[in-house]
Amino acid sequence: MDIDVSVRESRFLPSADLQNLLDVLTEAGYECIGPRVRDGAIVYEPVTRAAELPYGITDSQGPGEYRLRADAGGRCFAWANGPQALKPLLFAPQESLWMVSRDAQGRLAFIPAQTLARPIAVLGVRACDLAALRLQDAHFRDGPRPDPAYGARRDALFLIAVHCTHPAATCFCVSTGDGPHADSGYDLALSEIDEGFLVEAGSVAGGVILRRLPTVEATTRQRETAAGEIEAGARAQQRALPGTDLRDTLFERLEHPRWEEVAQRCLSCTNCTSVCPTCFCYSEHDAPRLDGGESAHYRQWDSCFTIGHSYIHGGAVRGGTRERYRQWLTHKLGGWHDQYGRSGCVGCGRCITWCPVGIDITEETRAICAD
Amino acid sequence: MRTEPWSNPHLPQEAEIVERIDESDRVFTLKLRFTDSTQHDAYRFAPGQFNMLYLYGVGEVPISIVSDPEHDELLDHTIRRVGRVTDGIAALKTGDRLGVRGPYGRGWPLRELEGKDVLIVTGGLGCAPSVSVIQYMMRRRARFGTVTILQGVKHYHDLLWRARYEEWAHTPRTRVMFSADTGGPLWPWHVGPVTGLFEHIDLEPGSTLALLCGPEGMMAATVRALRGLGLADSAIWLSLERSMHCAVGQCGHCQLGGKFVCKDGPVFAYSDIAPLFSEKGL
Amino acid sequence: MDAKPLPKSDDGPVTGRPTVAVHKFTSCDGCQLAFLNLGDDLLTLAGLVDIRHFAEAGMVDPEAQVDIAFVEGSITTPDEYERIRRIRASSRFLVALGACATAGGLQALRNLNGLTQEWMAGIYATPAYIRTLETSTAISTHVKVDLELWGCPVNGRQVLGAVRALLFGVLPEREHDKVCLECKRERAVCVMVARGIPCMGPVTLSGCGALCPRFGRDCYACYGPAENANTAALGRRLAGLGLPPEAAAHRFHFINNGAPAFLEAGRRAAEGGFDDG
């Protein structure tokens, strides 16, 4: 990790003025979503006051374990990602695709769902999630048949990144090349240092907001401090994938005994795919009104760990956990290269932390890809 | 920011059942017309593509289009009753309405077929995706070399469309042969797997393309046999079956390795899927 | 929860305004309340179907011939043993409703140790007045069941979804996900990972909307075992979280103790069989 602090123009926003950022965004018409503590985790929810941010809170994470504790001094971004960030804001966990009504003559009228996309500003987005967003964009927005709901919400999104200085023990974004420094894809990026924030604009919209903030020019020392913290965070990462393109290796090892071994431990519970910021699978269902006059056709998050995911008449293609785990890993680290030109893993480590039995993607991958 | 609204790729259009034909006790054909005539006239498809049919209040299923893209006025779908949606569709009658969206996927390689000998190997009711391409060739017979149709079924009861096969068999330079895993007193043809018919045909490997559809195990055995006869991997084409759910390459259900079968297929050259095809549980 | 085809092949599809009965066997009535708590939907439902028997709601005709019979409760007495057979004979489509009807319910705990007589003697002043079977069993143990709706209690959304599907002439869509997937869709924070609370979500069938985890509680598996439930892996995790074998066994041997996957897992947990990891 080598951050050239000299070329980045950054402004300094004192800690006490963070509320101004929320106010300016609100005045610009955005609803602010940011990190907050709820039910023992950092979650992304509406914030209106800076005081609602997780000041003094940090986390410790390990396979199957996540805990918060209060010893981060006066900082509010001194933590690694919680269970979710951007994905549910864009790829809704459940939403209607269209409605259909049937009249007395049996005629059907189909009505597309209208997505009410309010402008949303998300504060505190990490580099791994920006990388994941690029992949979700490629999947839902940039293909020949873009998804209207995703597209409308994506258009209305304003992103305020925070360079990550507190990677968890489960993080490995350095090895995937996706962090901890947010290189692009944001409107504003913040670096948190003891006395406040360095602010960089990454888009025209970001520049407009930045000019409305009470900032001063950042000093060289402040820039060096910020860059040093990000570099220290990168060096602190304990986990790594054994390569960035494991496609051929994985598809050559479909009969590796490790698949069966991990299936003994795996709950097939779908937590890994649900917290993964790039997993995109969904299922579609109908919810007819009781009187039968109308039906809503909706989708909801699905997972390659369910039996419904691979169901064709007569049964599931992937009946057992061995096949389902293999599908997940070979897709995430293999199939994505064919589909979107890179691995589908951004090194956020959520699948390790939020697996109830602590299965570690880096460990499984190393075991399968070892000679 | 975009200024035009996002269009909805998930939205079906209303279609009416113009005619219903019962092919057997579990198989039926619906001839459909979009109720919006502009929509109907604008609709184009290629042999091997499929539509998503929507049963009101219940759900969608992917069904191959079996009519001729240029000669037929209606969209024919041959459907087997295999679950809750197809059971429900089976109860519909002429005049009833369905939702239809499509066509989806890549069909058979029509351009590559021109001037070539064509071998079609199908298994059971999986033959529906091939009907459209066979009809297409029969109606444009001069543009293709010899056409050999090998149709395998599990049980002799399962053979549909005898009249249609009969008609094809009487078309010049066209041969039709059958096999059944289980024969019977009225079954004059081959008993055994469909690959058993290969000893009765002559193939010119350099100028033949093979089109396969049916159960994956049957297609895998056929691929082995064809490669043994000297056909190149790129000369063998297969129509795959996976869980086609959204049909637009988004929901992830139909993946085979890095392919979305719904949009990269369902028809693939064997050379494009060779290492992963028929890998169990993939 | 194997769904069987609709009552079409026998006597043709359900058409017009089908007749319905709601029968009660050994149970707490909670699943019948899933009907009574429907509010306006209950009025709509009453317009769509002709309810002939539903004692809790005041309609009493237990011998009525009906198109759809909903059956709540388990079979625990000689009388019930006979009555369920009569109901089967008088209904075209039989839906077993809730954990008692589909797995024997909490009361199936008595199947585990053969102590029914001792328990009766310990609890009731005059056990001689009690006529009961040695076991509590699911409806499907006795008669053909066309559809099972799991849960303790079942929820109104699923009951209405089933009725609507049957009126459309199809089977209801079967839910097969695990509670964890619903929990994540609801954006609840995992109580097991974030707070170390033993939770049954990873082996439990969805349908409840992850009600308990959304309120910070662990799932207690009231919807029964999901497909492909790795009870051994969860059992090892529960042990790792410090749950003693007896307590882990109770997690499996609870409301759905009669469901085979939980029955076996509870026995193994009780023997300390999950303590190895």
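**Exercise 1.** Which residue in β9(A) does A:A121 stand opposite? Place the pair in its sheet and list the helices that pack there.

*Solution.* The model is predicted: local features need pLDDT of at least 70, side-chain atom pairs count only at pLDDT 80 or more, and totals for chains, interfaces and linings use all residues. Residues are numbered from 1 along each chain as its sequence is written, while chains are lettered from A and ligands numbered from 1 in the order in which they are written.

Step 1. The residue opposite A:A121 is A:F158 in β9(A). Helices (H or I, at least four residues) and strands (E, at least two) are DSSP runs, numbered from the N terminus.

Step 2. Strand β8 (residues 120–125) of chain A pairs with strand β9 (residues 157–162) of chain A in the parallel sense, over five bridges. Two strands pair if DSSP finds at least two bridges between them.

Step 3. The open sheet of chain A is formed by eight strands in the order β3-β2-β8-β9-β10-β11-β1-β12, with mixed pairing. Its edges are β3 (41–46) and β12 (216–217) of chain A; each has a single partner strand, so one side of each is left without a neighbour in the sheet.

Step 4. Helix α1 (residues 18–27) of chain A packs on the sheet and touches β1 (11–14), β2 (31–38), β8 and β11 (196–201) of chain A, its direction making about 135° with that of β2(A). Helix α7 (residues 220–235) of chain A also packs on the sheet; it touches β1, β10 (188–193) and β11 of chain A, and its direction makes about 90° with that of β10(A). Axes here are lines fitted to C-alpha atoms, for helices over the stretch in contact, and angles run from 0 to 180 degrees between N-to-C directions.

**Exercise 2.** Describe the overall build of chain A and of chain B.

*Solution.* Step 1. Chain A has 13 helices and 16 strands. Its radius of gyration is 22 Å, close to the 21 Å of the globule rule for 371 residues, so chain A is as compact as a globular protein of that length. The radius is taken over C-alpha atoms, and the rule is 2.2 Å times the number of residues to the power 0.38.

Step 2. The C-alpha trace of chain A spans about 65 × 60 × 35 Å along its principal axes. Of its 371 residues, 52% count as buried (20 or more other C-beta atoms, placed from the backbone, within 10 Å of the residue's own; 12 or fewer is exposed, in between partly exposed).

Step 3. Chain B contains eight helices and 15 strands. The radius of gyration of chain B is 19 Å, close to the 19 Å from the globule rule for 282 residues, so chain B is as compact as a globular protein of that length.

Step 4. Along the principal axes, the C-alpha atoms of chain B fill a box of roughly 60 × 45 × 40 Å. Of the 282 residues of chain B, 48% count as buried.

**Exercise 3.** Describe how chain B is contacted by chain A and by chain C.

*Solution.* Step 1. Residues are in contact if their C-beta atoms, placed from the backbone, lie within 7 Å. On this basis, 44 residues of chain A are in contact with 39 residues of chain B.

Step 2. The largest share of the side of chain A that touches chain B, seven residues, comes from α11(A). By class, that side has 19 nonpolar, 15 polar and 10 charged residues. Ala, Val, Leu, Ile, Met, Phe, Trp, Tyr, Cys and Pro count as nonpolar, Asp, Glu, Lys and Arg as charged, and the others, Gly among them, as polar.

Step 3. Six residues of chain C are in contact with six residues of chain B. The side of chain C that touches chain B has four nonpolar, one polar and one charged residues.

**Exercise 4.** Locate β4(C) among its neighbours, then examine α10(C).

*Solution.* Step 1. Six of the seven residues of strand β4 (residues 91–97) of chain C are buried, so β4(C) is largely enclosed by the rest of the structure.

Step 2. Strand β3 (residues 66–72) of chain C pairs with β4(C) in the parallel sense over six bridges, and C:V66 stands opposite C:S91 in β4(C). From β3(C) the chain crosses through helix α3 (residues 78–90) of chain C to β4(C) in a right-handed β-α-β crossover (with the strands pointing away from the viewer, the path from the first strand over the helix to the second runs clockwise).

Step 3. Strand β5 (residues 147–149) of chain C and β4(C) pair in the parallel sense over three bridges; there C:L97 has C:L149 as its bridge partner.

Step 4. In helix α10 (residues 231–240) of chain C, nine of the 10 residues are buried. The cover over these buried residues includes α9 (257–265) of chain A, together with α11 (245–252) and α12 (260–270) of chain C. After α10(C) comes C:G242, with a positive phi near 95°.

How values were computed. Contact = placed C-beta atoms within 7 Å.
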